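Open the model in a viewer and keep the sequence alongside. The stops below go from strands to sheet to helices.

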Amino acid sequence: MTKHTQKPTADIEVIPAAPEQGSILANLLELYGHDFSEVFDLDLGGDGRFGYKNLPLYWTEPGRHPFLVKMDDKLAGFVFVKRGSEISGNEIVWDIAEFFVVRRYRRRGIGTRVAHEVWRRFPGHWEVRVMPANVAAHQFWMRAISSFTGKSVASVGVDQDGERWNVFSFESKAIV
């Protein structure tokens with residue numbers, strides 16, 4: 001049996017998802033929900049699915065951008081970007097609404113490369129929110145943002161609508 005290793009130059013794509021790919025995203029969201037249920041009170045619905053009520057909004061509301069992530073032409077995750085801060089209400093802030101890399105592809109630098117690609121595509125002020133219980137995500141975002149900005153970053157604790165968040169704020173400069 002051979003151990004799977006990542007090729008040093010893995011081809012990672014961040015592809016805008018079309019409405020006809022909604023079912024693919026819905027399936028990936030179930031895996032995401034399963035992983036998330038370990039740190040967040042997320043219950044299965046009566047249909048045995050976690051569901052994601054905001055998915056259709058990514059093709060009907062302006063400022064929302066769904067992406068599929070592929071590695072070497074295989075599905076590896078997704079990213080949902082939206083305009084508008086969930087914390088301050090600032091309408092010009094970019095927000096990572098959801099971010100998911102399939103377990104098989106984690107801890108290989110893929111998530112960091114995907115995040116950096118998204119931040120380059122949408123220059124401006126960014127916020128990334130993490131629940132305090134999600135320690136692994138907090139560490140991931142701290143490393144990913146620090147390597148993107150070239151300086152150490154720290155999150156700020158914020159209470160919003162009865163929930164506690166650790167929020168990272170930073171700028172993505174336009175590439176000229």
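How many bridges join strand 2 to strand 3? There are 8 bridges, and the two strands, strand 3 being residues 74-83, run antiparallel. This is a predicted model in which local features need pLDDT of at least 70 and side-chain atom pairs count only at pLDDT 80 or more, while totals for chains, interfaces and linings use all residues. Residues are numbered from 1 along each chain as its sequence is written, and side-chain values use heavy atoms, with hydrogens and water left out.

Select strand 2, residues 64-71. Strands (E, at least two residues) and helices (H or I, at least four) are DSSP runs numbered from the N terminus. Of the 8 residues in strand 2, 6 are buried (under 20% relative accessible area, 1.4 Å probe, protein chains only). H65 stands opposite V81 in strand 3. In the hairpin of strand 2 and strand 3, 2 residues lie between the strands, and D72 takes a positive phi near 50°.

Next, add strand 1, residues 12-16. Strand 1 and strand 2 pair in the antiparallel sense over 5 bridges; pairing requires at least two DSSP bridges between two strands. I12 has M71 of strand 2 as its bridge partner, and P16 stands opposite F67 in strand 2.

Now select F78, in strand 3. Is F78 buried or exposed? F78 is buried, with a relative accessible area of 0%. Leaving aside residues up to four places away in sequence, F78 touches ten-odd side positions that can be picked in turn, including L25, L28, L29, Y32, F67 and F99 (contact means heavy atoms within 4.5 Å). The C-alpha atoms of F78 and V102 are separated by 8.9 Å, at 24 residues apart along the chain.Zoom out to the sheet. Its 7 strands form an open sheet in the order 1-2-3-4-5-7-6, with mixed pairing. Strand 1 and strand 6 (156-160) are the edge strands, each pairing on one side only. The twist averages 35° from one strand to the next.

Finish with helix 2 (residues 110-121) and helix 3 (residues 135-149), which pack at an angle of about 55° with their axes 10 Å apart. Axes are lines fitted to C-alpha atoms, for helices over the stretch in contact, and angles run from 0 to 180 degrees between N-to-C directions. The two helices are therefore oblique to each other (not under 35 degrees, not over 145 and not 65 to 115). Residues to select in the contact include A115 and W119 of helix 2 and W141 and F148 of helix 3.

Key:
Buried < 20%, exposed > 50% of the residue type's maximum accessible area, 1.4 Å probe, protein only.
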